[in-house]
Amino acid sequence: MSMTTDWNPLLRDEFSKPYWVDLQAFIAEERAEHSVYPPHDEVFAALRLTQHSDTKVMVLGQDPYHGAGQAHGLAFSVRRDVRIPPSLRNIYTELHDDLGIPIADHGNLERWARQGVLLLNTTLTVRAGQAASHQKHGWEEFTDQVIQTVNNKTEPVVFMLWGNAARRKADLIDVQRHTVIESPHPSPFSARNGFFGSKPFSRANAALIAADREPIDWRVDDLADQVPEQAD
């Protein structure tokens, strides 16, 4: 696995550490015996689409989706032809309630990623049908380093920590320099316990504007992709 973005010199030292060697051996064995998601060439999609220098917001997930064809390397995102998962539907509901943005008919969040929203899972692979199956094999050590590398940026960044697994990473973040927005996870099991109504998108943009940074256009579709309403 390799990266050809500005993350590479920042994370290169990780690739020679013992945990990384063990992690890659584990994943190779898993792929030899099971279906593993996302595909090999999409594991680092978040770091390819969102350069370190461009990162303004980090949305932290946990596992990739473990259903066939769902995970493509961006936390909470699926490709356009894949049914929108329940957690993402809840994210869209909150986005609509927060900013009035129409609910998209697909789940691809690449438009966010290209604006500087790093959609990172704390574990970057998973065995098909088995949530949490690749946790505690080394990915967390790597993604903690990614979080710390973002934390080291001199420009203020907004960290969105949704759910207990993400919220435990708050200790890695300098809250004097950066903004942390925490809430329960957007899954159907917890969204009504505080994710709904948390207004993370408007709060993130308010923090960026206060730091003299360009806010995120949280629409999922480009204007060119949207079909205009027909006049009566």
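**Questions about a predicted model**

Modeller: Helix 4 and helix 8 are oblique to each other. Keep in mind that this is a predicted model.

Colleague: Why is the pair called oblique?

Modeller: The angle between helix 4 (residues 86-99) and helix 8 (residues 200-210) is about 60 degrees. Roughly parallel needs an angle under 35 degrees, and roughly perpendicular runs from 65 to 115. About 60 degrees fits neither class, so the pair is oblique. The two axes are 7 Å apart.

Colleague: What makes the contact between helix 4 and helix 8?

Modeller: Helix 4 brings Ile 91, Glu 94, Leu 95, Asp 98 and Leu 99. Helix 8 brings Pro 200, Phe 201 and Ser 202. By class, that contact has 5 nonpolar, 1 polar and 2 charged residues.

Colleague: Why are helix 2 and helix 6 called oblique?

Modeller: The axes of helix 2 (residues 18-33) and helix 6 (residues 139-151) cross at roughly 125 degrees. Roughly perpendicular stops at 115, and roughly antiparallel needs over 145. Roughly 125 degrees lies between those limits, so this pair is oblique. The axes come within 9 Å.

Colleague: Which residues meet there?

Modeller: From helix 2 come Tyr 19, Trp 20, Leu 23, Gln 24 and Ile 27. They meet Trp 139, Glu 141 and Phe 142 of helix 6. The contact divides into 6 nonpolar, 1 polar and 1 charged.

Colleague: What makes the largest cavity a cavity, and how is it lined?

Modeller: A 1.4 Å probe fits inside but cannot get out, so the space counts as a cavity. The volume of the largest cavity is about 100 Å³. The structure holds 1 cavity of 30 Å³ or more. Of its 16 lining residues, Pro 64, Gly 73, Leu 74, Ala 75 and Asn 121 lie nearest the centre. The lining has 12 nonpolar, 4 polar and no charged residues.

Colleague: What lines the largest pocket?

Modeller: The largest pocket holds about 380 Å³ of space. It has 16 lining residues, and the closest to the centre are Asp 63, Pro 64, Tyr 65, Ser 87 and His 185. By class, the lining has 8 nonpolar, 7 polar and 1 charged.

Colleague: How do you know where the predictor's confidence is below 50?

Modeller: The pLDDT gives that confidence for each residue, from 0 to 100. The protein averages 94, and 94% of the residues score at least 70. Over residues 224-232, however, the pLDDT is below 50. Beyond near neighbours in sequence, that stretch has 3 contacts in the model.

How values were computed:
Residues are numbered from 1 along each chain as its sequence is written. This is a predicted model: local features need pLDDT of at least 70, side-chain atom pairs count only at pLDDT 80 or more; totals for chains, interfaces and linings use all residues. Side-chain values use heavy atoms; hydrogens and water are left out. On a 1 Å grid over the protein atoms alone, a cavity is a set of points where a 1.4 Å probe fits but cannot get out, and a pocket is an open set with protein on both sides within 12 Å along at least five of seven lines; lining residues have an atom within 4 Å of a point. Grid points are joined across faces, edges and corners, and a volume is the space filled by probe spheres set on the points. Ala, Val, Leu, Ile, Met, Phe, Trp, Tyr, Cys and Pro count as nonpolar, Asp, Glu, Lys and Arg as charged, and the others, Gly among them, as polar. Axes are lines fitted to C-alpha atoms, for helices over the stretch in contact, and angles run from 0 to 180 degrees between N-to-C directions. Helices (H or I, at least four residues) and strands (E, at least two) are DSSP runs, numbered from the N terminus. Contact means heavy atoms within 4.5 Å.
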